[in-house]
Amino acid sequence: MAQASNPNNDWSVSNRELTKEAMKLSFQTNLQYTLSKDQYTATLHDKFWALAMAVRERIIERWIKTQQKYHKKNMRRVYYLSMEFLIGRLMGNNIYNLGIEKSAKEALDDLGLDIEIMREEEMDAGLGNGGLGRLAACFLDSMASLKIPAHGYGIRYEYGIFHQKIKDGFQVELPDEWLTSGNPWEFARPENAVKIHYYGRTQMDQDKNGKMKFRWLGTQDVLAVPYDFPVLGYKNDVVNTLRLWSAKGTEEFDFDYFKSGDYAQAVYKKILSENISKVLYPSDDISKGKELRLKQEYFFTAASISDILRRFKSENPDLHDLPKKVAIQLNDTHPTLALVELMRLLVDEYDFEWGEAWDITTKVFAYTNHTLMPEALECWGVDLFETLLPRHTQIIYEINSRFLRQVALRYPGDNDRLARMSIIEEGFPKRIRMAHLAIVGSSYVNGVSQLHSDLLREKLFKDFNEFYPEKFNNKTNGITQRRWLLKANPRLSSLLMDKVGPEWVMDLYKLEQLEDFKNNKAFRTRWSDIKKQNKESLAKYISSSMKIDLNTESIFDVQIKRIHEYKRQMLFAFYIIAQYLKLKHAPGEFIYPRTFMVGGKAAPSYMMAKLTIKFINSIADIINDDKSIKGKIRLVFLENYRVSLAEKVFPASDLSEQISTAGTEASGTGNMKFMMNGALTIGTLDGANIEIAQRVGNDNIFIFGLKAHEVENLKKGGYNPRAYIDKSPMLGEIFKLINSGFFSPHDSRLFEPIVQSLTWNDPFLVCADFDSYCQTQDMVSRMYLNQEEWTKKSITNVAQSGFFSSDRTIKEYAKDIWKVPVNGQ
């Protein structure tokens, strides 16, 4: 067995060889002896599994060695709790992080197999709905690559978010059966299963010392079974763990019901229990959906806290030392119950006094906020909470009571402030404000872009910032360049290796050296050729999968993100209609061909978002079928947007649409992925767009629209969208077309809700920003005519993307919040 290249490196391990011949042998051995297949019976999927096992073998001993090191050195660890981990496909990522992309490809070439075709056999793990889950996956990659002892915790959703199909222009949700053919990257750990309790009642007793004790009795129980996924660092022999919990019934089978012939009831409890980990984000517009969602949140947080304490106690005898060895990061409010569960265990199970338990808890937790919209802040009805989690409700009331006493002492007589800051929102029904609970129970609270963090302090959580000014800080989001540039864009990565060297893979600031090459014509030609090849690859994929042919000489203008009104897919759609009308009525004013692409999923119960998808597809039907415009514009809705599709789209894009209403997007990470792959941004001064503009300069980004303070002032003054419609001839014509049924000939009133919303309310100021947006889009088209200048701007965007690496973000978390070393230092 070969030795690692650096035997003096404390992280190195002896390992199976990474050579081509060793990979071939592993592949053939696994195909024959593990899968029991030969060249006649093996399917393409069997071959994918054989390759995955060969890769996995090279991960496992590194994984074991890493965990042994953490245990033996009793290292302080980070625990990242998130409802979502949008990890996508793992084969390519694992191959790149092991550093065996060359040997794996050559091994398969020798066997007459195409590694790219085999990688397409892998299903995306759809364990998230957008930026929140993808951010969590990027953070795990960075933590492992920076040698930070870390564990992720989430839920192993059996069906993920959902598989999106477009039928007659409408979104149809189907089960995302990513586990149908198994998953080679997960390892079940039933020996670490945790029993989770729900319902029941609480009983207060007095122990022999006269101390009051609470007991939680008569509960209904579910078993949380962990499945571990290895998370590889980049070529550093570090393998961290993502632990996802799956719900299993504590009672598999009721034999009494079976004997009486009631076969459905015999397995009813098992089925009901296992619903908890079936689907990400059950519909919360009905009471059962809300209850299931709350069950999910408690399920994974309670299991995770139990697991964290189990691991801590295996190395440390005194729970008072928990803050010295444990840092828990809450990715949004969904895991906030973790801090209540820790309080319950410390007080009820380990006999801690309230004060010392609270001191431990608040030192351990930190909270990341991901929204600026008050209506998006998570709240739960007290009645539901009391029914499902009676003891936790009591603890939350006690936390709130003690907290409000502190506030009252600081601000005597300020009852309005007490009402604003209370964890319990009075009214009918009473509600628990999870963001308030997370702030009160955490040592640090951070936003995810500078604007977002400023608005948290100044607006959304102003009272809390005045009370806890030391808690609030900013950690601008980032993305891992190893997934989104090295893996997703191999052509551009190869050029970067040639010109900058390989160091950028772990230090993205090295790409600043590209500024030295942007005035070199030969370099610009190579750069442009790579973009064209990437566009041709995407066009080939879309032609094959959607039967739509694209003009690769056109501007690839792309908006891919979760479908939501504040992200303003409707503004993009109106601009597309405006371009169509320009071609029809004033073709001489049309500047340059475009291919518009939109992708994203709408929450199943979000009717306006689902109608937006139908509207976009209806526009596409008109435009794509109109021969008179000679294909100068095309519109494609990218069905079932997911990580593996995103990896095809970002490298091929010319223009990145980041057009949310200023002051609504916390950060955005899609903007960073586009930027890192050489697309230019058109956007508002919102979220991380501001920081992108600061780094690339105003000449290398296209900014339009109202600023956050202007949005606020306009709304305060009484925003009237009809005034903007009346003074914009193009906007007026668009509304007339929609009202006439032009885009819905079979149902002229189909899009009436869109018209009504934008005409009478327009909560996200589509009408107010429309003319500015169109004018800026004309600037984009004129700039694209000058390909030399456009390419220079593209190079600058990539060169200045270093700040937006998740490595930088994680280093800041490690230093300022978690207090853990990076790269062992």
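**Cores, strands and loops in a predicted model**

Good morning. Of the 148 residues in the largest nonpolar core, those that touch the most other members are V55, M143, I148, Y198, F299, I328 and W818. Please bear in mind throughout that this is a predicted model.

Let us take one of those residues, M143. Which residues does M143 contact, leaving aside its neighbours within four places in sequence? The answer is V78, Y80, I148, A150, N240, I810 and W818. Two of these names, I148 and W818, also appeared in my opening list. There is, in addition, a second, separate core; it has 65 residues, including M570, F574, I754 and L758. As a general remark, nonpolar side chains in soluble globular proteins tend to be buried together.

I turn now to the strands, and begin with β12, which covers residues 365-368. F365 and Y367 point one way from this strand, while A366 and T368 point the other way. Are these four residues buried or exposed? All are buried.

Strand β12 has two partners that I wish to describe. With β11, residues 326-331, β12 runs parallel, and four bridges join the two strands. Here T368 of β12 is the bridge partner of N331. With β16, residues 444-447, β12 again runs parallel, this time through three bridges. In that pairing, Y367 has V445 of β16 as its bridge partner.

A separate arrangement to follow on the screen is an open sheet of three strands, in the order β13-β15-β14, with antiparallel pairing. Its edge strands are β13, at 379-381, and β14, at 424-425, each of which pairs on one side only. Between β14 and β15, the latter being residues 431-433, there are two bridges in the antiparallel sense. Within this pair, E425 stands opposite R431 of β15.

The loop between β14 and β15 contains P429. What kind of peptide bond joins F428 and P429? The bond is cis, with omega at about -5 degrees.

Next, a helix. Helix α33 comprises 13 residues, 787-799, and its first and last C-alpha atoms are 18 Å apart, close to the 18 Å expected at 1.5 Å a residue. This helix is mostly covered, with 10 of its 13 residues buried. Among the buried residues are W790, I795 and V798, and also K792 and K793.

Finally, I should like to consider three residues in loops. K547 sits between α22 (521-546) and β18 (555-560). Although K547 is not a glycine, its phi is positive, about 60 degrees. N640, in the loop between β20 (633-638) and α25 (643-649), likewise has a positive phi in a residue other than glycine, near 55 degrees.

How much of each residue is accessible? K547 has a relative accessible area of 68%, and is therefore exposed, the cut-off being over 50%. N640 is at 8% relative accessibility, so it counts as buried, for which the cut-off is under 20%.

The third loop residue is S728, placed between α29 (721-727) and α30 (729-739). S728 has a relative accessible area of 2% and is therefore buried as well. Leaving aside neighbours within four places in sequence, S728 is in contact with F770 and D771.

To close, I would ask you to keep two pictures in mind: the largest nonpolar core, with its 148 residues, and strand β12, joined in parallel to β11 and to β16. Thank you for your attention.

Key. Residues numbered from 1 in each chain as written. Predicted model: local features only at pLDDT ≥ 70, side-chain atom pairs only at ≥ 80, totals over all residues. Heavy atoms only, no water. Pairing = 2+ DSSP bridges. Expected span 1.5 Å × (residues − 1). Buried < 20%, exposed > 50% of the residue type's maximum accessible area, 1.4 Å probe, protein only. Core = buried A, V, L, I, M, F, W, Y, C linked by side-chain atoms within 4.5 Å. Contact = heavy atoms within 4.5 Å.
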